[in-house]
Amino acid sequence: MTPVATEVTIGIDVGTTAVKAVAADQDGRVVARARIPHELRVPAPDLLEHNADEAWRRGPLTALSRLDRPDARAIAVSAMVPSLTAVDAAGTPVSPGLLYGDGRGRVPGVLADGPFPVGEAAEFLRWTAAHAPAAAGYWAAPAVANHALAGEAVIDFPTAFTASPLFDADGWNAAALADRGATVEQMPRVAPPGTAAGQAGDAILGVGAIDAVCEQMVSGADDVGDVLVLCGTTLIVWVTIPDARQVPGLWTIPTTTGMSQVGGASNAGGLFLGWVDRVLGPGDPAAADPRRVPVWLPYLRGERAPLHDPARRGTLDGLDLGHDAAALRRAAYEASGFVVRQLIDLSGADVSRVVVAGGGTRLQPWLQAIADATGRPVQVSGVAEGAALGAAFLARMALGAESQITDAARWATVERTVDPNPAWLAPVQERYHRFLELVSLR
């Protein structure tokens, strides 16, 4: 029998702790994958950065090589936002890669009331231009990656708009850039997601999108009442609603299907849970007594939605001599679950189902805590590298093999369902109310 021909495209996701890449066929089946870890640097409690050359330039090149798919017809890149580094004339980063939430992007006296802190990317530029005034360019992570892959410093429109007021409906704002020490010529080109932007060897370079956008595209969580929980270094919760209703403390964004999503990003994700792993001894969260778990506020770097308070700090409430590492680890996972439930409750939506995606879906204790905290079954996405998979679909659009982003929903799969544990529901409910009490004390 003659093998059926496949159209393979590649998606590369520049994440907070690793570059993830997948090669997918026309039906969204992953035929190759690679993961290239990189260091998340925290020089001080309010600073968050990458070695941009390692993570944004060399990481995507290594991931592409590791996939070893010379048959790939197109490539696209997704990345977290905002991010910024200075580059030389060859496109090589020459300054730290500043990441979302870094204190160098904070505008004094201004708190975030939208999906991205007001002026964060602009302040990144102010700091970077002052420390690398002779730079050839000031680029976000996807521009560095795209230039490394195809010699094209290009980013997508959604990523550019997160840089407001540097970028607006008319393009890069020369006056706003000048105020931060840069020019329009030093900024990357901007193009729509899913369009062709250049050539990466024999493959077309397609324009990607923000990582969370790519995750949502292939999650299948598109109907009213669906909740999408992205379990990455950042915890992100989106509840699909039929209109653009505003909720205090949460963000409302339009979807590609004409509806809206309400929710936001929290620091109570892998950044917090990874810290817990480093400081606690071994312990199995499933071995904890349901009635003997303390309550943790996971605000080691402040909190984003719904509190928008960078000065918040973590608290562990109700400790006693009977607690062990298992109880403390379970408390950490519950804290993340409580944030998920808090954002869902604040949305006021009639929730129909919960879908989880992202690299954290490999951590069963995390998924169990989300199911127990929300009291709902949790459907686990079939591909952990959802942002890379979404980018691979955008690569198909650049190839001309797809015509609209909404068709990416056909790539959505469910690997398994995690049900709430009846023995844990009542104790977790009590701890959730204690969590809300502790949050309100500040």
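This passage walks through a predicted model, from its confidence values to its rings, cysteines and a few individual residues.

The confidence of the prediction comes first. Mean pLDDT for the chain is 94, with 96% of its residues at 70 or more. The start of the chain is another story: pLDDT stays under 50 over residues 1–5, and the model gives that stretch one contact beyond four places in sequence. Where pLDDT is low, the predicted coordinates shouldn't be read in detail.

Next come the aromatic rings. The count comes to 11 aromatic pairs. One of these pairs joins Trp 238 and Trp 251, with ring centres 6.4 Å apart and planes at 55° to each other, an arrangement that counts as tilted. Trp 238 belongs to strand β16 (residues 235–241) and Trp 251 to strand β17 (residues 251–254), so the pair ties together parts of the chain that sit 13 residues apart in sequence. Both partners are tucked away from the surface: Trp 238 is buried at 7% relative accessible area, and Trp 251 is buried at 5%. Elsewhere, Phe 157, Phe 161, Phe 167 and Trp 172 make up one aromatic cluster.

Some rings have a charge for company. Arg 104 lies over the face of Trp 127, 4.7 Å from the ring centre. Likewise, the charged end of Arg 330 sits over the ring of Trp 424, at 4.0 Å from its centre.

What about the cysteines? A disulfide is a covalent bond between the sulfur atoms of two cysteines. Searching the whole structure turns up zero disulfides. For Cys 214, the nearest cysteine sulfur is that of Cys 231, and it is 18 Å away. A disulfide needs the two sulfur atoms within 2.5 Å, so Cys 214 is in none. The view from Cys 231 matches: its nearest cysteine sulfur belongs to Cys 214, 18 Å away, and Cys 231 is in no disulfide. Cys 214 counts as buried because its relative accessibility is 0%, and Cys 231 counts as buried at 1%.

One stretch of the chain carries a label from a database. UniProt, in an unreviewed entry, lists residues 229–398 as "domain: Carbohydrate kinase FGGY C-terminal". In the model, residues 229–398 are 34% helix and 21% strand, and the C-alpha atoms at the two ends are 28 Å apart. Helix α7 (residues 270–279) has Leu 271, Phe 272, Leu 273 and Val 276 buried. The elements covering those buried residues of α7 include β19 (295–297), α8 (325–347) and α9 (364–374).

Finally, two charged residues are worth a look. Arg 396 is found in helix α10 (residues 386–399) and counts as buried, with 5% relative accessibility. Setting aside neighbours within four places in sequence, Arg 396 is in contact with Glu 7, Thr 9, Gln 26, Ala 401, Glu 402, Arg 410 and Trp 411. Glu 39, by contrast, is found in a loop, the one between β3 (30–37) and β4 (49–50). At 49% relative accessibility, Glu 39 counts as partly exposed; the cut-off for exposed is over 50%, so Glu 39 falls short of that label. Leaving out residues up to four places away in sequence, Glu 39 touches Glu 49, His 50 and Glu 54. Glu 39 and Ala 55 are 16 residues apart along the chain, and their C-alpha atoms lie 7.9 Å apart in space.

How values were computed:
Residues are numbered from 1 along each chain as its sequence is written. This is a predicted model: local features need pLDDT of at least 70, side-chain atom pairs count only at pLDDT 80 or more; totals for chains, interfaces and linings use all residues. Side-chain values use heavy atoms; hydrogens and water are left out. Buried means under 20% relative accessible area, exposed over 50%, partly exposed in between (1.4 Å probe, protein chains only). Rings of Phe, Tyr and Trp (its six-membered ring) pair if their centres lie within 6.5 Å; planes under 30 degrees apart count as stacked, over 60 as edge-to-face and the rest as tilted. Helices (H or I, at least four residues) and strands (E, at least two) are DSSP runs, numbered from the N terminus. A charge sits over a ring if NZ of Lys or CZ of Arg is within 6 Å of the ring centre and within 35 degrees of the ring normal. Contact means heavy atoms within 4.5 Å. pLDDT is the predictor's confidence in each residue, from 0 to 100. UniProt positions are given in the numbering used here, feature names are shortened, and annotations may be inferred rather than shown by experiment.
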